[in-house]
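Please find below some notes on the model, set out as numbered points. They are meant to be read with the structure open.

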Amino acid sequence: MNLLQRAGWSGRHGGKEGKRCHTFRHGFPYSPTALAFDPVQRILAVGDKFGSMRLLGKFGVDAHVKHEGESACAVNLIEFLVNEGCLVTATADDTLHLWNFHTKIPKVVQSLKFQRERISRLHLPIGTKWLYIGTEKGNTHIVHVDSFTLSGYVINWNKAIDPIRKTHPGAVVHLSDNPLDANKLLIGFESGQLVLWDMRGKCAEFRWLSQEPLSSCSWHHEGKHFITSHTDGSLSKTNKEGKTESCNSIQKVEVKTNRIGDQFTIFSGGLPTEKCSPKSHCITVMVQGKSTTVLEMEHSVVDFVTMCESPWGSDLQEPYAVAVLLQNDLVLIDLLTPGYPTFESPYSMDLHESQITCCTYLADCPSDLVPAFYSVGRSAATNRRSGYSEREWPINGGEWQPTSCSYSEIILTGHQDGSIKFWDSSAGTLQVLYKLKTSKIFEKPRVRSMDSGEEDPLAISMMSLCAESR
């Protein structure tokens with residue numbers, strides 16, 4: 001987490017220094033916990049352990065919000081109301097929050113606290129107003145999103161599972177409706193019990209029981225079958241000798257199909273335990289009958305979401321990218337380019353990408369200066385480095401607009417590698433506008449001496465910018 005703070009004065013007469021306050025926040029969320037994506041508006045949401053949430057869209061669209069009061073705790077789950085400019089969060093104090101981000105600063109418009117049950121899963125079918133809530137007690141409740149009140153309909157765990165079975169099935173870890181029949185709700189329990197519940201008939205239509213604990217499920221778009229992932233590493237893998245290999249836990253699996261009939265099975269984890277260290281982290285992309293590609297990640301995978309052209313589960317979804325939330329990074333994988341390269345991010349996740357060596361603050365800048373920096377920064381972002389995808393950054397929702405503040409503020413940070421970053425700090429957030437690399441001007445071949453005291457010859461030590469003449 002990177003915070004810049006501005007010290008304020010409580011009173012000019014007394015000359016006493018007032019409380020230091022947080023003016024804006026920038027950087028990758030510390031201890032990220034949750035991820036969600038609106039496939040129509042193309043907005044990505046990331047929640048963290050301390051109740052903060054970051055909304056990302058096209059270059060320049062980057063908003064930070066925070067849960068307040070008792071809900072200033074971990075954001076466990078996020079669910080978009082697709083194409084409505086709203087989302088629902090579930091925080092660790094078992095409270096649901098309805099956020100509206102139509103306004104420039106997103107805000108909570110409704111909250112609902114669960115008193116006796118802990119929330120473990122959310123599911124909001126696209127085009128409906130009924131939000132399904134699974135709990136650790138194994139029950140499923142339903143909330144009407146408009147009124148944000150509980151309905152009287154409850155699917156109790158002892159009604160859902162086989163009446164012969166008396167043991168508790170564990171927490172609800174999965175909820176989804178059949179792509180072709182919204183009346184049929186698939187409920188997955190931690191123990192491996194699966195139930196297809198008939199909402200109108202108020203009864204279980206089918207039941208399945210896995211021998212291994214369940215981590216996730218994903219429907220095929222035709223609604224005739226689904227795939228499950230388990231903590232023992234199955235989706236089962238077989239080695240050359242025909243023996244089943246022991247694999248690390250598969251945390252999540254998703255199945256998507258494109259227009260030419262390719263079925264993508266994408267999952268996190270699942271590497272054979274004998275061939276990888278406990279610190280190995282990966283995303284696997286399997287294209288049925290064609291290829292299996294294992295993509296190693298630098299940090300542990302918190303969650304991922306497959307980004308598709310169609311938001312409807314019954315459609316051929318046409319997957320084009322995978323957004324992977326890592327413990328210390330956000331990675332986007334290009335599914336349309338051979339080899340599955342990653343996209344180069346247009347917004348800086350790390351304030352200290354290179355260590356900051358000096359800083360300059362400019363206030364009352366000309367009104368056209370920030371848009372000018374934004375324009376040249378956007379042009380520079382199109383010059384991609386080698387090894388990255390050639391396609392455009394796919395999270396491109398929202399609209400960037402210059403601040404409505406009565407004056408413009410710009411912060412310049414000089415870095416150890418000789419780069420200078422220009423940041424807009426006018427609107428309560430820190431938005432990178434442009435990066436200038438001075439190393440291109442000053443760097444020259446030199447013989448490195450053992451006794452040389454000049455370790456960082458390109459580090460910026462002082463900066464001055466005339467905002468009027470640029």
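1. Is Phe101 buried or exposed? Phe101 is buried, because its relative accessible area is 14% and the cut-off for buried is under 20%. Keep in mind throughout that this is a predicted model.

2. Phe101 has an aromatic partner in Phe80. The model holds nine aromatic pairs. In the pair formed by Phe80 and Phe101, the ring centres are 6.0 Å apart and the planes meet at 90°, so the pair is edge-to-face. Phe80 belongs to strand S7 (residues 75-81), while Phe101 is in the loop between strand S9 (95-100) and strand S10 (107-113), so the contact ties together parts 21 residues apart in sequence. Phe80 is also buried, because its relative accessibility is 5%.

3. A cluster of rings deserves a separate look. Phe206, Trp208, Trp219 and Phe226 are linked into a cluster by ring pairs. Strand S19 covers residues 214-219 and strand S20 covers residues 226-230. S19 and S20 pair in the antiparallel sense over five bridges. One of the residues involved is Ser218, whose bridge partner in S20 is Ile227.

4. The connection between these two strands is a hairpin. Six residues lie between S19 and S20, and Gly223 in the turn has a positive phi of about 75°. S20 itself is mostly covered, with four of its five residues buried.

5. Further along the chain there is an open sheet of four strands. Its order is S21-S22-S23-S24, and the pairing is antiparallel. Strand S21 (250-257) and strand S24 (291-297) are the edge strands, each pairing on one side only. From one strand to the next, the twist averages 15°.

6. Within that sheet, S21 pairs with strand S22 (residues 263-269) in the antiparallel sense over seven bridges. Lys252 stands opposite Ser268 in S22. The side chain of Lys252 has a further contact: its charged end sits over the ring of Phe304, 5.1 Å from the ring centre.

7. How many disulfides does the model contain? The count comes to zero, with the sulfur atoms of a pair required to be within 2.5 Å. A disulfide is a covalent bond between the sulfur atoms of two cysteines. As for the surroundings of individual cysteines, Cys86 counts as buried because its relative accessibility is 12%. Cys365 is buried as well, because its relative accessible area is 9%.

Notes:
Residues numbered from 1 in each chain as written. Predicted model: local features only at pLDDT ≥ 70, side-chain atom pairs only at ≥ 80, totals over all residues. Heavy atoms only, no water. Pairing = 2+ DSSP bridges. Axes fitted to C-alpha atoms, helices over the stretch in contact; angles between N-to-C directions. Buried < 20%, exposed > 50% of the residue type's maximum accessible area, 1.4 Å probe, protein only. Phe/Tyr/Trp six-rings, centres within 6.5 Å; stacked < 30°, edge-to-face > 60°. Lys NZ or Arg CZ within 6 Å of the ring centre and 35° of its normal.
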